[in-house]
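Q: Could you take me on a close look at the side-chain pairing in this structure, with the salt bridges as the place to begin? I would like to hear where the partners sit and how buried or exposed they are.

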Amino acid sequence: MGDYPPPTRAEHERMRGLRAMLSNAGLASLPLTMRLGENGGEERALLRFTRARKDTEKSFAMLKATLAWRADIGADTCLGEPLSEAHAGILGQIPGFYLGHGRNGHPVFLDHTAVVPWDTILQSMGMRPFLHAQVQCLEWVSMVVYQDASRRAGRPISQGINVWDMKGLTLSAFTAKVREISGATSKIAQDNYPESLAAAYIVNAPTVFSVVWAVVRQFLDPRTVAKVHIMGSGPKMYAKLKEALGPDCFLAEHMVCCKKADVGKAEQAMGLQSGMAASQTWIRERVASGIPWSEEAASTTAAAATSRAAAEPRSFLGGAQNQNQNQYAGAPITSAALAGLGGGGGSYAAARTPSSAGARSVDSEGEEQFFDAESEDFSDFGGSVAGEEDAAEMSMAMLESDSGDPLSPGMEQFNGSKCMSAILGHASPVPDSQVKLINGSETPSDSRRDRGGGGSESAA
């Protein structure tokens with residue numbers, strides 16, 4: 001969960017080839033939110049798409065498809081188009097919140113996965129407006145969340161940490177409609193926003209999840225499994241999670257150790273908005289200010305490029321560290337604070353002392369059995385588990401539907417995060433395309449590049 005490694009020599013050459021292919025296709029530059037200077041600029045974007053596919057041709061095909069998709073659905077202008085008040089209110093019911101930053105500067109997103117009000121979303125909002133809101137949120141993450149994190153860290157940040165709270169998860173919740181909408185949100189993220197996940201922590205997973213995970217993990221590369229941390233529940237889980245995330249994340253115990261009825265109350269007591277609602281607040285603020293968001297994006301990108309050009313380069317991807325993390329104007333402090341980001345370089349002092357009104361810490365271990373992959377052998381269920389047969393069938397169905405045919409571990413088209421996203425059914429604004437282990441001591445290559453292309457030189 002360290003820094004995003006710089007490109008290897010082989011990746012560097014592939015990026016040059018990718019840029020040349022874009023130029024030959026008449027695609028001179030990427031959209032603004034894909035080349036924000038604070039986030040690493042065009043170089044980081046090209047590196048992300050390079051790592052998402054095993055060769056340059058496939059990376060180009062993926063990037064070209066993304067650019068066509070963006071033009072088709074209006075992704076490049078959606079940050080200037082707020083949703084209706086009614087729809088924004090529905091987004092506010094989604095219990096997913098930003099809670100500061102991890103040890104290496106990545107923004108931390110807590111997603112209470114199992115209690116997302118899918119029925120309300122489908123009945124009162126509909127799939128198409130929700131998917132549009134999802135795109136707006138993903139664009140806002142690039143424009144606000146990652147830029148805020150990059151300023152704090154003094155280096156480009158283009159990945160986030162997800163904490164998936166699965167308290168209350170039941171197989172009966174995976175209706176056909178829920179699978180359809182969660183699958184659609186997952187596809188948007190995987191196809192168009194690759195390399196966005198630094199690490200994932202799954203907490204309060206019910207015992208039946210052990211069956212699902214045992215099936216899914218067989219098809220994942222070991223680097224994928226290493227990147228996903230499945231924990232148990234209660235105070236011990238919280239202590240391990242808090243230690244992993246570090247002091248700049250203001251996750252409180254009663255956010256993940258509470259009764260199902262109290263999920264989200266601790267965050268609301270702190271005055272936080274859900275991530276998707278915060279994105280709408282930001283959009284409304286920009287529209288009300290009369291300053292087009294694109295002008296802000298262009299100015300920060302130009303300023304960051306000037307700063308990097310004046311600094312001593314430290315890698316192919318950028319320049320030296322930004323010595324003034326608050327140099328550039330960014331998201332309004334109001335919307336950043338509401339989102340749990342603390343504003344443009346502000347303090348977390350208030351956020352670290354959350355009110356416990358409406359939510360109390362509960363050791364859930366006495367209520368039901370929870371799955372802790374860090375202390376149990378996932379392959380040894382230790383006896384019959386309720387719903388085991390249904391869970392196994394559901395897992396295999398998801399795996400088989402991933403590419404239209406049953407999968408074998410060596411099939412290149414397998415995307416592990418698609419299966420995990422379908423199982424979790426989350427609406428997190430910090431998605432991933434190819435889940436893989438990122439740490440400074442290993443080459444940042446996923447299983448597909450290991451099997452065919454990409455560099456073998458280790459990144460320092």
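A: Happy to! A residue counts as buried when its relative accessible area is under 20%, as exposed when that area is over 50%, and as partly exposed in between. By that rule D148 is buried, with a relative accessible area of 5%. Please keep in mind that this is a predicted model.

D148 makes a good starting point. Its side chain meets that of R152 in a salt bridge, with 3.1 Å from N to O. Both residues belong to helix α6 and are 4 residues apart, about one turn of the helix.

Helix α6 covers residues 127–153 and also holds R151, whereas E38 is in the loop between α1 and α2 (41–52). The side chains of E38 and R151 form a salt bridge at 3.3 Å, N to O. Because of where its two partners lie, this pair ties together parts that are 113 residues apart in sequence. E38 is buried at a relative accessible area of 7%, and R151 is likewise buried, at 7% relative accessibility.

A further salt bridge joins E180 and K177, at 3.9 Å from N to O. These two sit in helix α7, 3 residues apart, which is again about one turn of the helix. E180 is partly exposed, with 41% relative accessibility. Elsewhere, R70, D76 and E139 are joined into one network by salt bridges that share partners. In total, the structure holds 12 salt bridges.

E267, in helix α12 (residues 265–269), makes a useful counterpoint. This glutamate is buried yet has no salt bridge, and the nearest side chain of opposite charge, K265, is 11 Å away. Beyond its neighbours within four places in sequence, E267 is in contact with F97, L99, L110, H112, M255 and L272.

E11 is another buried glutamate, with a relative accessible area of 0%, and it is found in helix α1 (residues 9–24). Its C-alpha lies 7.0 Å from that of T50, although the two residues are 39 apart in sequence.

Next come the rings. A search of the whole structure finds 4 aromatic pairs. In one of them, W69 and Y193 have ring centres 6.1 Å apart and planes at 90°, so the pair is edge-to-face. W69 belongs to helix α3 (residues 56–73) and Y193 to the loop between α7 (176–192) and β4 (197–203), so the pair ties together parts 124 residues apart in sequence. W69 is buried at a relative accessible area of 17%, and Y193 is buried at 6% relative accessibility. Y98, F109 and W140 come together in one aromatic cluster. A ring and a charge also meet: R51 lies over the face of Y4, 4.7 Å from the ring centre.

Finally, what about the cysteines? The count of disulfides comes to 0. For C257, the closest cysteine sulfur is in C258, 7.8 Å away, and that is too far for a bond, because a disulfide needs the two sulfur atoms within 2.5 Å. Both cysteines are buried: C257 has 0% relative accessibility and C258 has 1%.

Methods:
Residues numbered from 1 in each chain as written. Predicted model: local features only at pLDDT ≥ 70, side-chain atom pairs only at ≥ 80, totals over all residues. Heavy atoms only, no water. Phe/Tyr/Trp six-rings, centres within 6.5 Å; stacked < 30°, edge-to-face > 60°. Buried < 20%, exposed > 50% of the residue type's maximum accessible area, 1.4 Å probe, protein only. Lys NZ or Arg CZ within 6 Å of the ring centre and 35° of its normal. Lys, Arg positive; Asp, Glu negative; His and termini not counted. Salt bridge = Lys/Arg side-chain N within 4 Å of Asp/Glu carboxyl O. Contact = heavy atoms within 4.5 Å.
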